[in-house]
Structure formats: C-alpha cells, structure tokens
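User: Could you take me through one part of this model slowly? I would like a close look at how the two domains of one chain meet.

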Amino acid sequence: MREITLSQAVNEAIAEEMRRDETVFLLGEDVAEAGTPFKVLSGLVEEFGTARVIDTPISEPGFVGLAVGAAMTGARPVVDLMFGDFIYLVMDQLCNQAAKQHYMSGGKLTVPMVLRTNLGATRRSAAQHSQSLQALVAHIPGLKVALPSSAYEAKGLMKTAIRDNNPVVIFEDKLMYQDKAPVPEEEYLIPFGEAHVKREGTDITLIGTSSMVQVAEKAAELLARDGIEAEVIDPRTIVPLDEVALLASVRKTSRAIVIDEGHQSYGVTAEIASRLNEKAFYHLDAPVLRMGAMDVPVPFSPALEDLTVPTPEAVAENARMLCAGEMIHAA
Amino acid sequence: MNKRKHNAEDYLRMYRQMVRIRTFEDNANQLYLSAKMPGLTHMYSGEEAVAVGICEALTDDDRITSTHRGHGHCVAKGAEFKEMFCELLGKAEGYCRGKGGSMHIADQSHGNLGANAIVGGSMGIATGSALRARLLGQDDVTVCFFGDGATAQGLMYEVMNMAALWKLPVIYACENNGYSEYTRTEEIAAGSITARAEAFGIEAFRIDGQDVLAVNDLTRKLVDRCRKGEGPFFIELETYRYHGHHVGDINREYYRSKQEEKDWKDNRDPIIRFRAHLVSEGIASEDEIEAMNAEIEKDAAEAVAYAEAAAYPDVSEVDKHVYAD
C-alpha cells in the first residue's frame, strides 16, 4: 500500500469531501495561498478557489462564530485554528454557541462544523504554542473530539467529521505532519467511537491518544524485551469514547496505563482511568495509572520541555512496576 | 389606489404585530409576577417598532439572530403565541421543547435562528449565515439584532470587519434603548456607535426606533441593496425599554428616573403613535383598532391557559438532542 504523510492525508480528506459536497468550505488564517504554516492545505485553493477556501483576518472568535452561523443555515464549514492554544480565544463560540444549539433548540438546529487544530509539545514553541487542550472541549456536551494517531486515522476521521451533523474538534499532532503511514487509495471512513487495537497483549493495556499511541507502541516494544506483553489501544475519538473496547482489554490484561499529552490533572487520562475503575474494578490487579503532561506551562528550554511529556521509557518503567505488583500499596 | 390598499394591509399588520408583542410581554410579566414562570425574562415592551419595522421587511427565507430580550423579534418574525408561552413555561410543546426557555427561544420555520443569552453572542452566527448565503448563491438576508450593551464586545468588530471585506448580506441592527443592563449607555460607549461601523466602510444609519414606518422604509431599502450585493449595513435604532433589565428589576430609580420612563411612554410610545396615524389617515377606525386589540388579548389569554395546562417534557427528554443523528 502507498504511504503518505499525515499532512497529505488531511489534505486528501478535505479535498475529497469538498468535491463530494459543495456546501463544504474552508475558513481560517492563511488557509488559501499559504496553505497554513504547516502547509497542510496546500493546493486546495487552486482547485476550489477563494470562494471556498477563505483566508480570514486574525480574528479567531469572529471566524469560528461565522462557521457556527454558516453551519446552522446549511453549509459545512471546516475551520482551521492555527494552534490548539488559540482554543481559549474561541471558547464562547465553540462551547456556548456551537455545542448547545441542537439541545437548546429542542433538536431543530444543527451545527455540522469541523474545527481542525493541533496539539503537542517538544517543538520548542513555549507555553502558548505547545498545549494539548483536548480535555477542555471533551468536557463540553455537544462537541465530539477526534485525535488521529497516524495518517490513516487522520484521513478517515476527517472525512467522518465533515459528514457528521455535530460540531467536531479534531486535534492533529503538529510533530506528526511529516510522518508517513500506509493509506489506501480507495475511499474509507473511520466511524467515531470505535477504538483500534494497535498491538495485542495479555499483561497490561496501554491506552494512548494521538502521538501518545506511538509512545505506547515504543513502550510495548521495550516491555516485550522483558517478556511483558502489552496491549496498545487507540480510542481514536475521546467523545464518543469506545468504553466497550477499552473495558474488554482491561478485563483481559487486568492492568492499564492511560497516556495523553494534555495536563494530567483533571484531564483525559483521569476520565478514562476513572471509567475503568468504576466498570472493571474486580478485574484489576493494580491501580490504573494516568500519564499526562506535567502540570506546568510548557517551558521553552529543550532541557526542561522534554521533561514535561510522557516518554516510552517512563511508560515502560511504570508498566514494569504495575506488572510486578509494586504499585499496589501506593494506591 | 392599489398601492394605498397594499399599504393599508401592511400598516394594519404592522400595528397588529406591535400589539401582539406588547400583549405577549404583558402576559409574560404576569406569569413572572404570579410565580408561574420558571426563572426570569427580559421584556421587549417599548421597543416594538424596531422588531416589527425590520421583520416586516423580511421574508421567511431571511434569517434573524435575536438576543436575551428576544420575545419581540420572535413574534415579529412570525412565531405563534401558543408555542412561545409553552417554551417560556418549559413545556414540551414549546418551540424548543422547553429546553431553551425565554433566553434561547428559536423558531427555525420563520428564520429565527434563536435568542442568545451571551450579550453579542449571536453576531458571529448572523454574519456566518450571510456568508453561507454568499457561498451557496442564495439571496436571503440576515439581520443581527443586538443592544447598545453588545457594542462593547470585541466579537462585533471582528465580524463587521469580515462582513465588510466580503460584502456580506447582513444588517446589524443596534437597538439602543439607553441602558446596558443597569448602566447608562453614555457610561459604557465612547464616541459614536455608528462611526464604529463606518470605520469599516459600512454604511450606517441612526434613526428613531419608535417610528415603525421609518424603520420599515429604511430596512426595505437596505434589504433590497443587500440582495444586490451592496451589504453589509448598520442601523442604530433609538428606542427605550419600559421595564427594567429583567422582570425582577423593579426599583430602578438609582439608574433612571420615573419621569424619564413616563416621558417615553406618554410621548414616544410606538403603538400609540402608529395608532393615531392609522386613524388620522383613515386606515382604521378607533372601533376597528379596539376590536383588533381585544382579539389579540383573547388569543394571548387562550395561549397562556393552554401553556399552563400543557405537559412538561418527559424525563426521558433530558439527554435527548445533545447530539444530532
């Protein structure tokens, strides 16, 4: 199978959906001729023109608000938010407006829009261009949240997001844009709420999101050398969450670590760990561990920044201790 | 002669719609005062000529976005009393199945995209609706209602900038009722409100919001021009809210005098003024107007009674409509 980058996968997904449905359009800062700073959207304005690939002023609340209104009245906007950190700027439009319209109107209004943005530290971009803020939006009923872990997921999830009748926030890891993965030439969609078992194992379940799937896979390789068989699962969407698949895995392995690049406190890892504790308690042989980013603003210095995110070595070390029964008393 | 007949029908409908708003609000206020309505609400009374003058220049395909003080916009855009009172009382037959209430009432069948409880929160939605019209080649116009208080929100300037850059078919209708909640507008708005729109190259107008014909005439012209691609436009409508910020805001003398309220009610009331015009022009007699008023009061009373007796949503509704299929 051919291999393409995550960036190309996102581009293909949007182009295919724009060809399929004339109500789909792109909106954001430098999305047209510039194709975004990450060049993810390069070439789209040449095919679809500036009427459907719209460069906006640097007005995040404004253009997200425009997307909400366009979506409520029959279009399907794909909004580009240049950095995930800018989500704070658009919280009212996203959480008070987009997320609530369907419910507040008793089901009469819908907001079929996609907000694509990014996450991920270790790019030496400091505290306002490095955050992983998926937990903020996952907390809000009415929003769906997708976290692709490779080019394959990026394409299939984006196509599903564009066809979904709800506001969907997709976080791409900005360090993965040039990562290649096998992506079929023929069309496919990845349904929301279906986790993917990336590696089967029997001793411990490593649940990772976005780039933390790669971290979990590398940790699993390290563990295999010690004879520990880790199962790696990618939820792919955290709202909706495929609880059934996660619980099935944990019931089988009896141990779990949840890894996500958002801050650990009150985060995605906490939510998933809590559900496993509530629903698989009698199957567990060890406490479910959370591994998120440190609870500090992301530092600039490489010497400090690298300390803030989960690494394969740290995941493997925690997994070894869980499997050895060493963390039971800590609980 | 035909034009005169056409105008007479339009005028009577405008009068009727203004009275319907006032009557709706009088009943809503009573529901609050008698503790029959959950929560509280913001009365539109006094501002009727704004909503009616503008909405009578629109078709059902044209969209509006409304505000927390939104009952007037909803009635003016064509909503029915029964579904509105049901919504105010949280009943299943309300426009939003009782899930939105007074501050989120929406009536998509007539193009009302909904009230909004965030001051200025719907400015993006209205402008986005206009962007959609442009994108899909549709010729409808969107009117964004908001108050003078909302002119202090940054979102307004972001979306007006884009609307002007892209010549979107949207009309920003600023209902300047003199008060931003409990504070005089002069204390929160520096300089001129219309000049802010003009800074973006948007043609802006300041008119008497108590004169329904003036509001309607101007809006018709601007709607036509929007359809020809000459938008956006901005209108500041000078008006007055008779009640407080909300129904519970009873003692208001610390921010405005009773004399000021009396002056607006006695001398600038949009319904009294237009009624006098209809009679003096021979469009309707006093008796005909009284009959119309009585009929509207009867409609409202029946709708209130219906809503009071109507069922609440079933408890199974609580987690429905979080996500669309």
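Analyst:
**Where the two domains meet**

Domain 1 and domain 2 of chain A bury about 2100 Å² between them, with carbon and sulfur atoms giving 56% of that area. Buried area here is the accessible area (1.4 Å probe) that two parts lose on being put together, summed over both. On the side of domain 1 of chain A, the residues that lose the most area to domain 2 are A:R124, A:L147 and A:S149, together 27% of what that side buries.

Before going on, a word on the source: this is a predicted model, where local features need pLDDT of at least 70, side-chain atom pairs count only at pLDDT 80 or more, and totals for chains, interfaces and linings use all residues. Residues are numbered from 1 along each chain as its sequence is written, chains are lettered from A in the order in which they are written, and side-chain values use heavy atoms, with hydrogens and water left out.

So where are the domains? The assignment, automatic or from a database, puts domain 1 of chain A at 3–182 and domain 2 at 196–323. Their C-alpha centres lie 26 Å apart. In contact (heavy atoms within 4.5 Å) are 26 residues of domain 1 of chain A and 27 residues of domain 2.

Now for the charges: 4 salt bridges are counted between these two domains of chain A. Each pairs a side-chain nitrogen of Lys or Arg with a carboxyl oxygen of Asp or Glu within 4 Å. The side chains of A:E153 and A:K198 meet in a salt bridge, at 3.5 Å from N to O.
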